[in-house]
Structure formats: structure tokens, C-alpha cells
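Student: I am new to this structure and would like to learn how to read its helices and its sheet. Could we go through them slowly, one feature at a time?

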Amino acid sequence: MQSLQIRRIRALRGTTSVRSGTDRAQSFLIVATLLYRGSHLTVAVMAVAHRPWHLPLQHLGLAAALGLSALTYGTALRRGRFDRRHIWADVIVTGCVLPLALCAWGGVREPPTIAWAMLLGGSASATAAIALDRLHALVVVALLVLTHFIGYQAVGATPAVVVGHLNSLVSSAVMTYAFRWYLLRQGRLLDEANARALAAEAHRARYAERLEHHRALHDTVLATLTTLAAGTVDANAPEVRRRCAREADYLRRLIQQTADEVPHRELGAALEEAVGSVESLGLRVTAQYHALPRVPPEAAAALGHAVREALNNVRRHAGTGHAYLTATADPDGGGGALVTVVDRGPGFDPARCDPGLGLRGSVHGRMTEAGGRATIDTAPGEGVRVELRWPG
């Protein structure tokens, strides 16, 4: 379980560190303004294509606009952000110098012949609104408004055309700035939510790790120490000494944080390890296996741990010194497993006895976490039958 939780946290961190919410918002704004500029360049290409070649300034102006657009947006796509120097160059050359140059030396005398150059100013103001700070963006918009007002006056545009264009110029900047504010805010909220989710996942992983260690210590070291303290087994017996050595190795690995919480083993091996563990403390177990299915390592480990604790309970509380273990494929089908632990002790009344840590955590808890379930059937004078079923 520990390794699974750690892998999940690393996967979450990897996902959130590659592209944060603010990075995604910035990338979207770059693509959106690129499409906006692309629509204006399309109009410009169609307009200039019909212009006579004896007026080369219009073709040169279009080439300059295309080159600056490729530089500005190409660099932004590669880096994930705009370069402010490119933004200022685009605003000055495409948004300001080009319209005035067309009026002075490009043979432009009517509003329709300069409209394509004015359109480029709208996308320049939109890009400046998301790439520059607020003060510089306001300076850009004011500069574009002044330049375009002079340009339209030079070609004799009507007040309706001038006001409509300047309104479009300012609106492009305002709307783009509003989109930027909203998307970056949502990106920051997403980043904060991801950070909280990572912290919560790490907390759950640490809690699950501590809980699993508590269960393992309860089922192994504590069970051994309790038996030795009761004096019911010979502490110098070879089986007991081997068990103590295994559990000392487990504690050493636990301290060094190298213990594998989900051993990759078969179901039969997990059950045999559980049986050998309790038999070394004096419990006799009659085990029968029939057509054991192949189950995931996590399920095999959970079944093995649950069986060991059920047998520990027999040794501590049943007073018989003998338990019966049966493991087989689930008769209901589906490739599952059915394991039962039975004793012929005095039993107990479930309504009057609260389950202890062993039954709650090591039996019920482990089976539930692995996708299975545990049921206990008992009554006074009837012994105890623990049934473990995976999947549940």
C-alpha cells in the first residue's frame, strides 16, 4: 500500500508540474490572439494582392507585418509567453508607422484602401493588453488611437468610420484584458486546488502507511510478545526463535523504510506464511487448499494478513489450540477466492462484544481496502467461523 500511495502522489505531482493552470491560460491567450491576427492578415493579403506593383510600399508593408507576426507569435508559442520587445516592435511598425507611411508615400487616398492596415492595429492592441503591464498597455492603446485617428483624417474618412474603428481598437484591448484577467484567475484557482489535492493525498498516504504499520506490528511482533509474556510457549524453541528473527528483520526494514508492503506472491504462499507464523507459537492448523485461483498480489497479501490475524485470535481466545483453514476458488465464479478460518471454541455473542483492533483493522479493514469483504459467524457455544471473500 505504501508504494501504491507514493506512486499515485508522484503521478499527481508530475501532471501538475508540467503544465500549471496559469501556463495553460497563457497558452490559450497566445493561440487566441494568433487567430485574431491571422484573420486580419488574411484580409490584408487579399487587399494588397489587387494593388498595382508600381506602389511597392503596400507590398513592403504587408511583408513587414507578416514577418513581425511570425516573429512575435512564433516566439510566444515556443516559449509559452510573449517577448515584450517583439510586442513593442509590432505595435510601432505595424500599428503606427505602417498606416502613416501608406498615407504619406503609399498612394492611399481613400478609407477602403487603408482599412487593411488599420485592422492590424486592432490585433496589435489586443496582444499588448495581455503581454504588457496595465500602464504600458494603456500607452499602446493611446498611441494606436492617436495614430489611426490621424491616418483616417488624412484619407478623409467620415466621422462614423473613424469612431467605429477607434471603438473597435479600444474594445479589442479591453475585452482581451478581461479575458486575460479571468483565465489567469481561474488558472490560479486550479493551481491552488491541485496543491490542496496533493497535500490531502500526501496526508492520506501517510495515514495509510501508519495504519498498515500498526496492523503489521499488531499481527506479528505484538502477537509474539504477548504469547511469550503469557508463558504458553518455550521461548527457546527453534520455531519461536526463527519467528523472532523474521520479525526482527521486519522491524529493521520498517525503520529503514525499505519494507515492501505489497509482496508479489501467490495466494497459496501468502496463506502458508500465515499458517507457519501461528504454528510457530503453538497453534495447530489443519489446512486444505483446492483449485486456488490467481489473484492480484494486493489481494493475496490482504488475504494472508487477514488469515494470520484470524488464526491469532483462535490461539488467544478460542482455548482449543486447533484451527481449520479452507481456501478455494469462489463457488460463485468470477475468478475470486473464498477462504474460511474455523475453530470449535466457545464462540461469543456479537451483540455484546465489540470487535477489537485485530478484527476491525487486520481482518475487516484489510479486506475492504483490497476490494474484498470479511464476515464473522459465531454464537455462544458454537465456535467462530471467519469467511474472507475476494472480490467482495
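Tutor: Let us begin with a definition: the expected span of a helix is 1.5 Å times one less than its number of residues. Please keep in mind throughout that this is a predicted model.

Student: What span should the 22 residues of helix 11 have, and how far apart are its end C-alpha atoms?

Tutor: At 1.5 Å a residue, helix 11 should span 32 Å, and its end C-alpha atoms lie 30 Å apart, which agrees. Just after helix 11 comes G319, which takes a positive phi of about 75°.

Student: Is helix 11 largely enclosed or left open by the rest of the structure?

Tutor: Buried here means under 20% relative accessible area. Of the 22 residues of helix 11, 18 are buried, so the helix is largely enclosed by the rest of the structure.

Student: How should I read the sheet, and in what order do its strands stand?

Tutor: In general, strands of a sheet pair through backbone hydrogen bonds, either parallel or antiparallel. Here five strands form an open sheet with mixed pairing, in the order 1-2-3-5-4. Strand 1 (284–290) and strand 4 (373–378) stand at the edges with a single partner strand each, so one side of each has no neighbour in the sheet. From one strand to the next, the twist averages 15°.

Student: How many bridges join strand 3 to strand 5?

Tutor: Seven bridges join strand 3 (residues 337–343) to strand 5 (residues 384–390), and the two run antiparallel; A337 stands opposite W390 in strand 5.

Student: Which strands does helix 11 lie across?

Tutor: Helix 11 lies across strand 1, strand 2, strand 3 and strand 5, running at about 10° to strand 3, while helix 10 (residues 267–279) lies across strand 1, strand 2 and strand 3, at about 170° to strand 1.

Methods:
Residues are numbered from 1 along each chain as its sequence is written. This is a predicted model: local features need pLDDT of at least 70, side-chain atom pairs count only at pLDDT 80 or more; totals for chains, interfaces and linings use all residues. Side-chain values use heavy atoms; hydrogens and water are left out. Two strands pair if DSSP finds at least two bridges between them. Helices (H or I, at least four residues) and strands (E, at least two) are DSSP runs, numbered from the N terminus. Axes are lines fitted to C-alpha atoms, for helices over the stretch in contact, and angles run from 0 to 180 degrees between N-to-C directions. Contact means heavy atoms within 4.5 Å. Buried means under 20% relative accessible area, exposed over 50%, partly exposed in between (1.4 Å probe, protein chains only).
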